[in-house]
There are 2 protein chains.
Amino acid sequence: MSAAENQQLKQVLREHELKATTQRIALLKLLDATHEHFDAEEIYLELLKKQKNVSRATVYRSLEALAEQDLVTRLDFGDGRMRFERSKGEDEHHDHLICEECGKVIEFFNLEMEAQQLSVCEENDFTPSTHTMHIFGICSDCKKPQ
Amino acid sequence: MSAAENQQLKQVLREHELKATTQRIALLKLLDATHEHFDAEEIYLELLKKQKNVSRATVYRSLEALAEQDLVTRLDFGDGRMRFERSKGEDEHHDHLICEECGKVIEFFNLEMEAQQLSVCEENDFTPSTHTMHIFGICSDCKKPQ
DNA sequence: ACGCAAGTGCAAATAAGTCTCATTTAAATT
DNA sequence: AATTTAAATGAGACTTATTTGCACTTGCGT
């Protein structure tokens, strides 16, 4: 039932001048199917589970290539390993609230904040490419139970 | 000429229940004296240069202890190593524009942005502790020369 | 089907940071 | 000032995340 999806992903990869290998397709499919923020090791293990042949090196190299083409996005939550998510369109951009207790990640988007960022860039004659806005703290679930 | 400074730093350390060791004092003095964002290795090498006896382990441990007491601030620019700066007061908080070309870091503060952050937290019943706002792009110096 | 550059797998190599443990030292106590 | 002791340090081994070298494989244009 994913033949069509495969075709579509092959298409996407080729459009970005990347060879459509089974590993890259499986990786994109995985990230497309989840809303979580996996790190490289988790992606590697997930792909293995699905009987796919992969090596860690390929996961890292694929993620790098895909990130370069903006097909996936790197997320740095400051805990020493990179996470990844399927890139959203410009319009679906979001930032993160990160619970220091349970690790949960809440996504948010605030138009006013984005506008202020552009204005700061302008003031500094700075041409922005990407940004990260991470707010660390305690989520509602973690503060309720004493 | 830094005897007074030493005394002051000893005082600060003791107020935070940290032993005022020569290593910690030298480290704070170094960060006080610069406006750069050193990583642990750079701090280690700088301290060595100044004929101070230190080991990497002590640099890491000191930075951790000092960060815990909010005497220094961790900065994560997403390139795989932590940077540090002497903590500023609440009122001196700032975020960063990071040039992807030359690595320059421009500090900025935008009150409206901070206000929006709090409002996002409120909306999500999230209690913030710290945040990082990094805008990556190209600085004015790097885009002028063709 | 053919050819070859791009991609992959494996294992060894790096890089940043952490840990162990014997020794030292700040600072509280006599 | 000498004694005590818990905290801090130094040296180096170790861990974890990621990168690299190299021989082998595979998309995909012809």
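1. Let's start with how the two protein chains relate in this predicted model. Chain B superposes on chain A through a rotation of 179° with 0.1 Å of shift along its axis, at an RMSD of 0.3 Å (a least-squares fit on the C-alpha atoms of residues with pLDDT of at least 70 in both copies). The two copies are thus related as by a two-fold rotation axis. Both copies use the same surface, as 100% of the contact residues of chain B recur in chain A (contact means heavy atoms within 4.5 Å). Within chain B, Met133(B) comes closest to the axis, its C-alpha lying at 2.2 Å.

2. Now to DNA strand D, which has 21 residues around it; Arg14(A), Tyr60(A), Thr21(B), Thr58(B) and Arg61(B) come nearest (a residue is near if one of its heavy atoms lies within 4 Å). Of the strand D atoms that come within 4 Å of the protein, 65% belong to sugar and phosphate.

3. Some polar contacts are worth a look (pairs of N or O atoms within 3.5 Å). Lys19(B) places a polar side-chain atom 3.2 Å from a base nitrogen of strand D. For Gln23(B), a polar side-chain atom is 3.0 Å from a sugar or linking oxygen, while a polar backbone atom of Ser55(B) lies 3.1 Å from a phosphate oxygen.

4. A word on conventions: residues are numbered from 1 along each chain as its sequence is written, and chains are lettered from A in the order in which they are written. Local features need pLDDT of at least 70 and side-chain atom pairs pLDDT 80 or more, whereas totals for chains, interfaces and linings use all residues, and side-chain values use heavy atoms, leaving out hydrogens and water.

Terms used: Polar contact = N/O pair within 3.5 Å; in protein donor to acceptor, adjacent residues only side chain to side chain.
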